[in-house]
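Visitor: I would like a close look at a single part of this model, with its surroundings included. Please pick one stretch and stay with it for a while.

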Amino acid sequence: MADWNPWHGCQKYSEGCMHCYVYRRDASYELDASKVRKNKAFDDPIARKRDGSYKLSSPAMVYTCFTSDFFIDEADQWRADAWRMIKERSDLSFFFITKRILRFYSELPDDWGNGYTNVTIGVTCENQARADERLPFFLSLPIKHKTLICEPMLEDIDLSPYLGGPIEQVVIGGESGPNARLMRYEWAVHIQQQCIAASVPFSFKQTGANFEKDGRIYRIARNEQMKQARKSGLSWTPSPIDQSNADQT
Ligand code: SF4
């Protein structure tokens, strides 16, 4: 597992961005997160040791662009090079999350075809309007591995029209930070039920800082949010039999 942040900084783009962790973290260092800049780590995937081997050894999952958005327009000038490195390192798996999937074709490599097999793209939908805006387009795209993310989840969401196709996993979670918006237990149950009906693996990743269950609001410390989500037992993976039935439908 490795991190690769080829550029840093972002513009707030939709409702889920209100309390963006990149902004919160940069503010604590008196930095301006709205300035998108190329990082020193830009060439990390292809950096080599003295003996000529890659510094980043494989196999590894490379969590990419987690302090920006891979498709942000300020990075159009760098994206072609980023794609070139991703292609060169076909021995690594790259995973990134975007709210800007509508910009997918910006600087897409000519040889993309049906998608590079080593790239997984996760699209974030924080509410129903963003799901309905982004997912029909996302589903139509030539991408080998697709994930849906509802994080921070801001309301109950019906994902069922978008499941059952090429979506490999759904991940949800609440919002963190001092002003976190509320997440409700029943929203998580609802998504879980939709995933079970569609035989799509479901991960309740974390509760967020303010979580409501049975009419009671819990303030949950950062280091407890993943643990509490795990304890809920809601995360779900289809059995091999469910999966093979789903594959035949
Ligand atoms: S798109 Fe992501 S990184 Fe950019 S402002 Fe929104 S939450 Fe932050």
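Guide: What follows starts from one helix, moves to a loop beside it, and then steps back to the wider chain. A word on ground rules: this is a predicted model, in which local features need pLDDT of at least 70 and side-chain atom pairs count only at pLDDT 80 or more, while totals for chains, interfaces and linings use all residues. Residues are numbered from 1 along each chain as its sequence is written.

Our helix is α4, residues 185-198; helices here are DSSP runs of H or I with at least four residues, strands are runs of E with at least two, and both are numbered from the N terminus. With 14 residues, α4 reaches 20 Å from its first C-alpha to its last, close to the 20 Å expected at 1.5 Å a residue (the expected span is 1.5 Å times one less than the number of residues).

Now look at which residues face inward. Ala188, Ile191, Gln192, Gln194 and Cys195 of α4 are buried; a residue is buried if 20 or more other C-beta atoms lie within 10 Å of its own, exposed if 12 or fewer, and partly exposed in between, with C-beta atoms placed from the backbone. These buried residues lie on the same side of α4 because they cover an arc of only 160 degrees around the axis, the arc being that of the directions from the helix axis to the C-beta atoms. Glu186 and Ala197, on the other side of α4, are exposed. The buried residues pack against three strands, β7 (145-150), β8 (167-173) and β10 (202-206), where contact is a distance within 7 Å between C-beta atoms placed from the backbone. Just after the helix comes Ser199, with a positive phi near 55 degrees.

Two of those strands lead us to a loop, the one between β7 and β8, where Glu155 lies. Its C-alpha atom is separated by 9.9 Å from that of Ala188, 33 residues apart along the chain. Glu155 is partly exposed, because 15 other C-beta atoms lie within 10 Å. Leaving out residues up to four places away in sequence, Glu155 touches Asn127 and Gln128. Pro152 is found in the loop between β7 and β8 too, and the peptide bond from Glu151 to Pro152 is cis, with omega near 0 degrees. Most residues other than glycine have a negative phi, and most peptide bonds are trans.

For a companion to α4, try helix α2 (residues 76-88), whose 13 residues reach 19 Å, close to the 18 Å expected. Here Arg79, Ala82, Trp83 and Ile86 are buried. They share one side of α2 because their arc is only 100 degrees around the axis. Gln77 and Glu88 are exposed on the other side of α2, while the buried residues pack against β5 (93-98) and β6 (119-124).

Stepping back, the chain is divided into domain 1 (1-114) and domain 2 (151-249), with bounds from an automatic or database domain assignment. The C-alpha centres of the two domains lie 26 Å apart. Five residues of domain 1 are in contact with seven residues of domain 2. By class, the domain 1 side of that contact has one nonpolar, two polar and two charged residues; Ala, Val, Leu, Ile, Met, Phe, Trp, Tyr, Cys and Pro count as nonpolar, Asp, Glu, Lys and Arg as charged, and the others, Gly among them, as polar.

Methods. Contact = placed C-beta atoms within 7 Å.
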